[in-house]
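I am opening the notebook on this structure to record what I looked up, beginning with a whole chain and then turning to single residues.

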Amino acid sequence: MGQEKIEDNLSGRNSKTSLTRRTVLSGAAAIGLSTVARAQQPAEVKVGLIVPLSGIYTRPGQVMRMGAEMGIEHINAQGGIKSLGGAKMKLVVIDCGDTTEKAKNAAQRMVAQEADLVAATGSYLSSFTLAVTEVTERAELPMLTLSYSDLLTERGFKFIFQTAAPASRQSELGLPELMKLAEAASGKRPKTVAMLMDNTATSVATAKALKEKIFTQEGLQLVVEEVWTPPLSDATPLIQKVRSARPDLLLFMPNAISDAKLGLEKINEFGLGQGKIPTVSFSITIAEPDMLQSVSTDAVQGIMTVVANWGSKGHEALIAELKAKYKEPWMTQNVISTYGDMWLMKAALEQAGKADRLAVAQAFRTMDGGPSKHYPGGQLKFDEKGRRVGAGVVIVQWQSGVPVTVFPSDLALAAPFWPKKA
Amino acid sequence: MRGWRSLLPIIVFTALYAAVSLSVTNSYYQLVMTLVPVWAIFGLSWNLLSGYTGLISFGHAAFFGVGAYAVVLGQIHFDLSPWIMIPIAAILGGIAGLLIGFPTFRLQGHYFALAMLAYPLAILYVFEWLGLQEVTLPIKRDNPIAYMQFADHRLYTLLALAMMLGTILLTRAIERSRFGMALLAIKQNEAAAEAAGINTLAWKLRAVTVSGAIAGAVGGFYAVVLLVVTPQSVFGMLVSAQALTVAMFGGVGTVWGPVIGSVILIPLAETLNAEAGSRFPGIQGVIYGLAIICVILLAPEGLFWKVRDFLRKRSAPSAAAKLSAPDVPVAAAVPAAPAPARAKRPTGTGDVVLEVRNLSRSFGGLKAVQDVSFKLRRNEILGIIGPNGAGKTTLFNLLNGFLRPGTGEILLDGREMSGRKPHELCEAGIGRTFQIMRPFLRMSISDNVVVGAYVRAKTDAEARQLATDAIARVGLSEIADRIAGELTTKELRLMELARALAGQPRILLLDETLAGLGHDEANEVVAVIQRLARDGMTIAIIEHTMQAMVRLVDSFLVLDHGAVIVEGEPEAVTRDSRVIEAYLGKKWVAHAPH
C-alpha cells in the first residue's frame, strides 16, 4: 500500500509534466505505429528501487529515491522507452529496512509481489545489497548497485551489475592520486601515515588493500592504527595517539555520520585540524550534508575523501535541479549513481526491445554504451563478473563548506589544494 | 494412550499448516510461512531452558548464531551440505550450551539473565573481528537439492515444519519425563527441588545442552533460508529477544506457547512491515511493541495460560461438583482425634540412625547454632522445640545440606555427611518438608509428589508407583489429580509430606508441619505422622507450639539461642524451668508446677 501511494505521487507528478507530450505521442502512435505492435507493448515498464526507508539508514535511502525519481522523470519527459513505443518507466519503491534480514525479506516481497519488474537498483549498504541480490539472483531479476564491496561480484552471479569500482580498487586508484597531489602542492611526499577506522566490511576491505599493497607501493610507513566498533563513544584516545605520532597523513575512515562528527570535533579540539595533519577518508560519510549540523565549515576545510561517485562536471544542471526540488545542498554518490541507474535501465530496455527481465539482463551483459556519463571513468559496459569496465573513483574535497569534486581533472569542479601545516 | 491422544492437536495443527503452506504460491508469503516454524522452534528451544527452569536467558542468540555460522562456513570452506552441517550445528550448539551453562549456572535470577545477555554480544564482536561481517551461502547450480537449495520454497516450509514437529515431540517427551519434572521443580522452587533429591546443576546443564542443540540446528536452517549471515542477524540482541517474545507472548513453560506466539507475531510483524513500513517507517515496531505490552499486562504468563485458565473457569461449576465429593473420604480416612497409636518407648533404646556432634554455624557474629549434639534413634519421633529464632530451621538446613556446618559432625549410620549437597543427603535417606511451604503450584498433587520419587526410582513408572504409595500414606489419593494451587493449607502440608515420603527416606525432617493449621486440621496431620511412625519411620519435627507435640513425640530437644538447653521426655521437658523461661520469661518460672 505504501508503495502504491508513492507510485501514485510519482505518476501524478509525471502526468502533470508530461500531459501534453503524452497526447502528442499517442497522436504520433496513431499515425506512425501499427496498432498491433502498440497493443503488445506495455504502457509502462516497472523498475524497482529497494533501499532503506526506515531505521538508521533512512537518510541515504531517501536521497537515492530522489535520484531515481529525477531519473524517471527525465526519461519519461524525453519520450520514455522508444523501442517500446514510448512506454513510460515507473518506479516501485521498496523499503529494505535496516538489517540484513529485513533486506532479504523485502527482496523476497519485491520479487513475489512485483512480478513484472524488469530491473531494480539498491540497496545502499553492501550488506543489504548482498542479501537482496541473493534473492534477485534466484528470481533472475537484473539488479544494478552502487554498493562496492568486492564480495558482491565475486559470487559468480549473473544478474548483478556493479556500477562502482570495487572497494579494493578504490583505494588502489585513490591513494596514489592523493600522493601525487601532496607532492605537487607541498613539494614533498608524505612518509608516515596514521589510520583510524571502524570495523565495518567496507573499511576492513579498504584497509586490507592499503596495508597489504598500497602503503608499501607508495613508500608510506604506518605509524598509528586504531580500529573502533561503531558507534564511537569517545575519540580522545584515538586522536591522542595521532597527536603524539604526528604523521604526515591521517586516514580517518568512519561510516556512520555520528562517528565522523565525533572524530572531527576531537581533531580540531586537539589543534590538528585545518591542514595541520592532512586528513583523508574513504567513504561518502564524511562529505554528507549532515556533517555541517555539528561541525563548522572551518573544521572540515580541506578534508578529502575517495568515493565511487559524486556530482561532477557535466552534472551542473542536475545539481541545480536537486537543490531546487529537494533542497539538497549538493549531490552525493547516492543521488548521481541512482539517477544514472535509471538511464542505464532505459538503455538496456531500448536494447532489449521488450519489457522482459531476462532480455534486460542480457542487454546489460552485452551492452557497450560508450563512455559513462553518470559514473566516473570507464564505459557503460560490464565484464563477466558484472563489474563496470574501467570504473574509476572521484576525490572530493571540502572547500568553503561544500565538498566538491577535485579529481579526476575532467570531472573536477574545482582545483584541489593540499592542506599545509600552519 | 493418554500421550497419543494428546498428540492429536499437534498433528492436526501440523497437517493443517502444511496444507495451507502448500497452497501459498507467492514466494514472499512462502518465506513468512517458513519463518513461523523457524522462530517457533527457536522459541521452543528457549522455552526448554527458560520456560521450564525459570532461568531467563537473554542470550539464546549465542547458540543460534553458532549454528548459523557453522552451516555457512561449513559449506564455504569444506563444501559440506547443510544436510550434514545442520546436525553438526546442533552438536556445536549443544557444546556451546554446556560451555556457557557450566559457569553461568552459579548465578541466579537477574544475574543469570544479565550474564547470558553478554555471551552473544561478545561472540558478535569476535565474529566481526574474524572478518565474518557478511557471509553468503554459495549458490549450487549443479546439484541444488543436495545442498538444500530448493527452487520451490514450499519445501523449506515443510522442512521447517518437520523440524518443529520433532522439537515439539522432544519437548513433550522431556516435559513428561523425570527430566521435565526436575526442570519444573527447579523453576517453582530450586531449594525444594534440591531437597527432594534433584541434582539441580546436572539437570540444568542437560537442559541448556539440549536447548543449545535445538537452537544451533534451527540457526543452521535459518542460515539456509536467510542466505546471508551477518553477526547482527544471528547473534544480535533482536534474535535473543525474538525467542523470548514468541515464547512469552504465547505462553511460557508449554509446548504450545512458542508455537502460538510465532503463528501470531511473525506474520503480523511481516505484514505490518510490508503494508505500512514505507508509509510509516518503523510503525511495525510500534504496533508489535504495543501488542506485546498488552499481552504482558493482560496475560503475564502468555496467551496459552490465559485461555486455558478462562476455559477452566467456565467449566468450573461442573468440575467443582465432581471435586467436592472426594473431600469427604479424605477426612473420613483420617481419624479426627489422634489416639496415642503406639506405646511410648523408653528413650535411649534402638539403633542410632542420625548422630549430631557439636554442630555449630554462625552468620557473622550471630551464633545461629552452637555446639548442638543429639542422637536420633530408629523409629523415634524427636520434637525440636524452642522459641522463634532459636535456630531450629538453621539446624534442619545444616542437616539436609542447605548450609554447611561451621564445625561439628553429622553422622548418618555412622558415616560423616556434613557439607554434602542437599540432593546427596536426600539420596542418603534424609527427607524434609518446609516451614514455608514450597509446592509446585501449577503441578498436580501426583506430579508434585513424583518429583520427590525420582531420587529412589530408576524408571518413570517406578517413580509414579512410589508417588502413588506416598499419596496414599498421607490420605490424598482421592484428590491426587488436583492442581497444587487449588489446595488448602492442610492438603498442601500433607502433599509436602507425601513428596518427602516418595523418596523413601529413613529420616523425615518436618519443619513446622502444623503451622497455620486449625485445631482439627492439626489433629488430622498429627494422625498421619503417627501412622508413619507406627510404620517404622524415624522423624524429627520442629514446632514452637507444644500442645500437639506433647502427644506426638517420644522425646524433646529444646533449643534457645542456637544451643540445646534441655533434652528428654515430654513430661519432664514441659516442666523444666529453663524451658519455661525460654518460652515465657523468668517470672513465669515461679508459677510452674514443680
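**Chain A, then two residues**

I began with the contacts in chain A that have a separation of 6 or more, and I note that residues 24 or more positions apart account for 68% of them. The model I am reading is predicted, and I keep that in mind for each entry below.

For the make-up of chain A, I count 13 helices and 12 strands, and I find that 52% of its 422 residues count as buried.

Next I looked up A:Ser149, which sits in the loop of chain A that runs between strand E4 (143-145) and strand E5 (160-162). Is A:Ser149 buried or exposed? I enter A:Ser149 as buried, because 24 C-beta neighbours fall inside 10 Å, where 20 or more is the cut-off for that class.

I then asked which residues A:Ser149 is in contact with, once its neighbours within four places in sequence are left aside. The list I wrote down reads A:Ser126, A:Leu130, A:Ala167, A:Ala201, A:Thr202 and A:Ala205. I also checked A:Ser149 against A:His374, which is 225 residues away along the chain, and the separation of their C-alpha atoms comes to 20 Å.

My last entries concern chain B, where I located B:Asn273 in helix H12, which covers residues 256-276. I enter B:Asn273 as buried too, because it has 23 C-beta neighbours inside 10 Å. From B:Asn273 to B:Glu491 I note a C-alpha to C-alpha distance of 52 Å, with their positions 218 residues apart in sequence.

Key. Residues numbered from 1 in each chain as written. Chains lettered and ligands numbered in written order. Predicted model: local features only at pLDDT ≥ 70, side-chain atom pairs only at ≥ 80, totals over all residues. Helix = DSSP H or I, 4+ residues; strand = E, 2+ residues; numbered from the N terminus. Buried ≥ 20, exposed ≤ 12 C-beta atoms within 10 Å, placed from the backbone. Contact = placed C-beta atoms within 7 Å.
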